[in-house]
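Here is a walk through a structure that may be new to you. Please keep the sequence and the 3D view open as you read.

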Amino acid sequence: MSDSHPHCVFCDIVQGKQPAKYVYEDEFVVAFWDANPAAALHILIVPREHIPTLNDIPPDNNILRHLGQVASRIAADFGVAESGYRFVINVNRGGGQMVFHLHVHLVSRTWREPG
Amino acid sequence: MDDCIFCKIIRGELPARKIYEDETTVAFWDLRPASPVHVLIVPRKHVPTLNDIPRGDHLISHMCDVAKKLAQDLGVAQSGYRFFINVNRGGGQVIFHLHAHLVAGNDFGTLFIKAGIAIAVLWRKLVSLVCRDGASQKGS
């Protein structure tokens, strides 16, 4: 990772210093189960690069396009792309952001755990 | 799409309180706002859902850029806002023309949760006071 943040829980997860239940990873992002899920399916998609909020994405950075594609792909993998899901980015405290490392919530109430 | 409400708004056939437009997107106030700030950011091109954005298309990035700009203009960029896209029926999508919601301020859900927490805290204090009084009366 190019620039991690010393006290960031998501940077620690990205670097493997803290455990998480991964569902996807590539060169730019990692995705894992939310530790406190708000729905049956609640995945966080997190850029490897430490960007605090949506407001801080530099111009001409393609991370959002990639986050959108990965969300769509994970939704398809879990079988909720057609039944429905939400793609949510909370920005700053008043928007409900708790961890100041940009992340997307992929949330679906239509998912049923297999078995 | 002839019968799409958002396509009609974009073509000017239906009224909407537009606050921004460019060659790719149009943004207007939600007709049934869930919060004091509730703006919809809609691509001009009819794309049904997030799943239907062609691979490599920059539409999401552009919609987010518009959200960032509007959040700044509306004075909520630092205080906070939510950017979300509902996908298909189970995700809460009602109009099948891709759109992002930009929401800020206290919505009724948040107020309800805050009121619920306040009542629970007061109730616990009341119960602990009553229990303490009961215990001290038994002891005396």
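Helices and strands here are DSSP runs, numbered from the N terminus, with at least four residues for a helix and at least two for a strand. With that in hand, find H2(B): it is followed by Gly75(B), whose phi is positive, near 75°. Chain A offers a similar spot to visit, as Gly79(A), just after H2(A), takes a positive phi of about 75°.

Before going further, please note that you are looking at a predicted model. Its scores are ipTM 0.93 and pTM 0.85. For chain B the mean pLDDT is 89, and 91% of the residues in chain B reach 70 or more.

Let us take chain B as a whole. Chain B is split into domain 1, covering 5–105, and domain 2, covering 108–140. Taken over C-alpha atoms, the centres of domain 1 of chain B and domain 2 of chain B are separated by 43 Å.

Now back to the helices. How far apart should the ends of H2(B) be, at 1.5 Å a residue? Its 15 residues should span 21 Å, and the end C-alpha atoms are indeed 21 Å apart, so expectation and model agree. You can repeat the exercise on helix H2 of chain A, residues 63–77: those 15 residues should also span 21 Å at 1.5 Å a residue, and the end C-alpha atoms lie 21 Å apart, which agrees.

Which residues of H2(B) are buried? They are Leu59(B), Ile60(B), Met63(B), Cys64(B), Val66(B), Ala67(B), Lys68(B), Leu70(B) and Ala71(B). Their cover includes strands of chain B, namely E1 (18–21), E2 (25–29), E3 (37–43), E4 and E5 (100–104), together with H2 of chain A. Turning to H2(A), the buried residues are Leu64(A), Leu67(A), Gly68(A), Val70(A), Ala71(A), Ser72(A), Ile74(A) and Ala75(A). What covers them includes H2 of chain B, along with strands E1 (22–25), E2 (29–33), E3 (41–47), E4 (85–91) and E5 (104–108) of chain A. Each H2 is thus part of the cover of its counterpart in the other chain.

Next comes the largest nonpolar core, which has 64 residues; those touching the most other members are Ile45(A), Leu106(A), Ile41(B), Ala67(B) and Phe83(B). H2(B) gives the largest share of this core, eight residues. To see one of the core residues in detail, pick out Ala67(B): leaving out residues up to four places away in sequence, Ala67(B) touches Ile41(B), Phe83(B), Ala100(B) and Leu102(B).

The contact between the chains is the next stop. How many residues does each chain bring to the contact? Chain B brings 27 residues and chain A brings 28 residues. On the side of chain B that touches chain A, the elements giving two or more residues are H2 and E4 of chain B. E4(B) supplies the largest share of that side, seven residues. By type, the residues on this side of chain B divide into 11 nonpolar, 12 polar and four charged.

The loops deserve a look as well. Asn88(B) sits in the loop between E4 and E5 of chain B, and phi of Asn88(B) is near 60°, a positive value in a residue other than glycine. Is Asn88(B) buried or exposed? Asn88(B) counts as buried because it has 22 C-beta neighbours inside 10 Å. In chain A, Asn92(A) is placed in the loop between E4 and E5, and phi of Asn92(A) is also positive, near 60°. Asn92(A) is buried, with 21 other C-beta atoms within 10 Å.

The loop between E4 and E5 of chain A also holds His101(A). With 22 other C-beta atoms within 10 Å, His101(A) is buried. Setting aside neighbours within four places in sequence, His101(A) is in contact with His5(A), Cys8(A), Phe10(A), Cys11(A), Val46(A), His50(A) and Pro52(A).

For a contrast, finish at Gln78(B), in the loop between helix H2 (59–73) and strand E4 (81–87) of chain B. Gln78(B) counts as partly exposed because it has 14 C-beta neighbours inside 10 Å. The C-alpha atoms of Gln78(B) and Gln93(B) are 28 Å apart, with their positions 15 residues apart along the chain.

Conventions: Residues are numbered from 1 along each chain as its sequence is written. Chains are lettered from A and ligands numbered from 1 in the order in which they are written. This is a predicted model: local features need pLDDT of at least 70, side-chain atom pairs count only at pLDDT 80 or more; totals for chains, interfaces and linings use all residues. Domain bounds come from an automatic or database domain assignment. pLDDT is the predictor's confidence in each residue, from 0 to 100. A residue is buried if 20 or more other C-beta atoms lie within 10 Å of its own, exposed if 12 or fewer, and partly exposed in between; C-beta atoms are placed from the backbone. The expected span of a helix is 1.5 Å times one less than its number of residues. Two residues are in contact if their C-beta atoms, placed from the backbone, lie within 7 Å. A nonpolar core is a set of buried Ala, Val, Leu, Ile, Met, Phe, Trp, Tyr and Cys residues joined through C-beta atoms within 7 Å. Ala, Val, Leu, Ile, Met, Phe, Trp, Tyr, Cys and Pro count as nonpolar, Asp, Glu, Lys and Arg as charged, and the others, Gly among them, as polar.
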